[in-house]
Amino acid sequence: MYKALVCCRAGMGSSMLLKIKADQVIRENGFPIQTEHGNLDSLIGFNGDLVITMDDLSSELAGKVPYALGIRNIVDKEEMRQKMEAYLASMNQ
C-alpha cells in the first residue's frame, strides 16, 4: 500500500476537493494508495510515497518529495487515473 499526501498551499478547499476525487479514482480502480489530507506544512515529517497536488505546485516539489503527482484539473478523474497508473507503473519497474 502506497501512502499519499494530498495537499495544496493552504490545505483548504481545493486540496479537499482533490482528495475526494482522488479517493474516488483510487476506489474505482482498486489502486493500492491510501491518502491523507494536509497543506505544505504537512510535508514536514511526511514519510509517505507520493504527494498529490496541483500541477503548478508539483514542479516546485520535484526533488523534495519521493514523487510529486501534479493534477491540472481537480475534477478530472480521467487525468487522475492516468497519472496514478503512471506512478504505479514507475514503482513496479
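In what order do the four strands of the open sheet stand? In this predicted model, the order is β2-β1-β3-β4, with parallel pairing.

**View 1. The open sheet and its edges.** Four strands, paired in the parallel sense, make up the sheet. The edge positions are taken by β2 (33–39) and β4 (68–71). Each of these two has a single partner strand, so one side of each has no neighbour in the sheet. From one strand to the next, the twist averages 25°.

**View 2. Pairing of β1 with β2.** Strand β1 covers residues 2–8 and is joined to β2 by seven bridges in the parallel sense. One residue pair can be picked out here: K3 has Q34 of β2 as its bridge partner. Strands of a sheet pair through backbone hydrogen bonds, in either a parallel or an antiparallel manner.

**View 3. Helix α1 on the sheet.** Helix α1 packs on the sheet and touches β1, β2, β3 (50–54) and β4. The direction of α1 makes about 180° with that of β2. The helix spans residues 13–29, and L17 lies in it.

**View 4. Helix α3 across the strands.** Residues 77–91 form helix α3, which lies across β1, β2, β3 and β4. Relative to β4, helix α3 runs at about 165°.

**View 5. A nonpolar surface patch.** M16, L17, I20 and V75 make a nonpolar patch of about 310 Å² on the surface. L17, a residue of helix α1, is partly exposed, its relative accessible area being 32%. Patch residues must have over 30% relative accessible area, so L17, at 32%, meets that cut-off.

Terms used:
Residues numbered from 1 in each chain as written. Predicted model: local features only at pLDDT ≥ 70, side-chain atom pairs only at ≥ 80, totals over all residues. Heavy atoms only, no water. Patch = residues over 30% accessible without salt bridge, like charges linked within 9 Å, V, L, I, M, F, W, Y side chains within 5 Å. Areas by Shrake-Rupley, 256 points an atom, 1.4 Å probe, with all protein chains shown as cover. Salt bridge = Lys/Arg side-chain N within 4 Å of Asp/Glu carboxyl O. Buried < 20%, exposed > 50% of the residue type's maximum accessible area, 1.4 Å probe, protein only. Pairing = 2+ DSSP bridges. Axes fitted to C-alpha atoms, helices over the stretch in contact; angles between N-to-C directions. Contact = heavy atoms within 4.5 Å.
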